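I opened this notebook to keep track of what I looked up in the structure, starting with charged pairs and ending at the surface.

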Amino acid sequence: MAIGDIIVGIDIGTSKVSTVVGEVNNFNQIEIISSTSSKCEGIKKGKIINEDEIALAIAKTIEKAEEEANIKINSAYITIPGKYSTIVQNNVTKELKDKYAGISARDVGQTIMQLRDIEIPDGKTIIDIVPNEFILKDGTKTSDPVGSLSPEFTLNAQIILADKDYTRQVSSILKKAGLDIDGMVPNTLAERNLILDVNELHDNVMLLDIGAGNTDIGVFEGESFIYTNTIPLRRR
């Protein structure tokens, strides 16, 4: 992220659609500059039942956000419920052609692409790769190996899979609302950095997002995102 970058996030809930606009400040933090919402009943028991209603609600929040932030919004990140997400742990070891050249950004990028080479279950698609840690040849662990002098390194990461049918529906909805998708993120993963402080990011934590119709669960083992799911609210 660069200073001044605009990040837009959309959350489709059981009772409303929420849109948040943030701007990257001088401290490389996302500062909220607009937060809007619109009532919506296009989801029932975690399932999309009315695409047009959700698209209309999104369009309303975007229009409000554009007025508040005085910007034009063309794309956004969108959250997805834990029930439609699957987390797969994977790791790749990269050997450098020139062990004296140091690890480059290109080496890291190629390794992240290698992580995608997994067997994907039917009905699932990769929506994100979340790097966890880089381990150098001598055992040193780092979050950024670029520039390190090591003949090889191992990248541990989480591959986030999502239900294909659900992602198709979400893509269709955003298209109807006139938006492109920057990315899809499980609810609790999106909330993690907002809720936890710096020290808690290294703890074993379970996050509960209690909504109007569902409770989303996210389990983190230190830096690793290891589990997510959705528990529907049973009304009597």
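**Entry 1, salt bridges.** I began with the salt bridges, and the count comes to 6. The coordinates I am reading belong to a predicted model, and I keep that in mind for each distance below. I took K176 and E51 up at the start, whose side chains meet in a salt bridge at 3.2 Å, N to O. Since K176 lies in helix 3 (residues 164-176) and E51 in helix 1, this pair ties together parts that are 125 residues apart in sequence. I then looked at K176 with D52, where the side chains also meet in a salt bridge, here at 3.0 Å, N to O. Again helix 3 carries K176 and helix 1 carries D52, so the pair ties together parts that are 124 residues apart in sequence.

**Entry 2, the surroundings of K176.** I noted that E51, D52 and K176 are linked in a network of salt bridges. Leaving out residues up to four places away in sequence, I found that K176 touches E51, D52 and A55. Between the side chains of K176 and E51 there is a polar contact as well, listed at 3.2 Å. How accessible are the partners? K176 is partly exposed, with a relative accessible area of 46%, while D52 counts as exposed because its relative accessibility is 52% and the cut-off for exposed is over 50%.

**Entry 3, E152 and K137.** I turned to another salt bridge, in which the side chains of E152 and K137 meet at 3.8 Å, N to O; the criterion is a distance within 4 Å, so I record this pair as a salt bridge on that rule. E152 lies in strand 10 (residues 152-163) and K137 in the loop between strand 8 and strand 9 (141-142), so the pair ties together parts that are 15 residues apart in sequence. At 19% relative accessibility E152 counts as buried, whereas K137 counts as exposed at 53%. I also looked up the separation of K176 and K137, which are 39 residues apart along the chain, and found 49 Å between their C-alpha atoms.

**Entry 4, nonpolar cores.** I went on to the interior and asked which residues have the most contacts inside the largest nonpolar core. That core has 39 residues, and those with the most contacts inside it are I10, V17, I54 and I58. Its largest share, 6 residues, comes from helix 1 (residues 51-69). For V17 I listed contacts beyond four places in sequence, among them I10, I12, T36, C40, I54, A57, I58 and T61. There is also a second, separate core of 15 residues, which includes V108, I126, F134 and F153.

**Entry 5, N132.** I looked at N132, which I placed in strand 8 (residues 124-136), and asked whether N132 is buried or exposed. N132 is buried, with a relative accessible area of 18%. The side chain of N132 makes a polar contact with the side chain of S224 at 2.7 Å. Not counting residues up to four places away in sequence, N132 touches N156, A157, Q158, E223 and S224.

**Entry 6, a surface patch.** Last, I looked up nonpolar side chains at the surface, where M206, L208 and I210 make a patch of about 340 Å². I placed L208 in strand 12, which covers residues 204-210.

Methods. Residues numbered from 1 in each chain as written. Predicted model: local features only at pLDDT ≥ 70, side-chain atom pairs only at ≥ 80, totals over all residues. Heavy atoms only, no water. Patch = residues over 30% accessible without salt bridge, like charges linked within 9 Å, V, L, I, M, F, W, Y side chains within 5 Å. Areas by Shrake-Rupley, 256 points an atom, 1.4 Å probe, with all protein chains shown as cover. Helix = DSSP H or I, 4+ residues; strand = E, 2+ residues; numbered from the N terminus. Buried < 20%, exposed > 50% of the residue type's maximum accessible area, 1.4 Å probe, protein only. Polar contact = N/O pair within 3.5 Å; in protein donor to acceptor, adjacent residues only side chain to side chain. Contact = heavy atoms within 4.5 Å. Core = buried A, V, L, I, M, F, W, Y, C linked by side-chain atoms within 4.5 Å.
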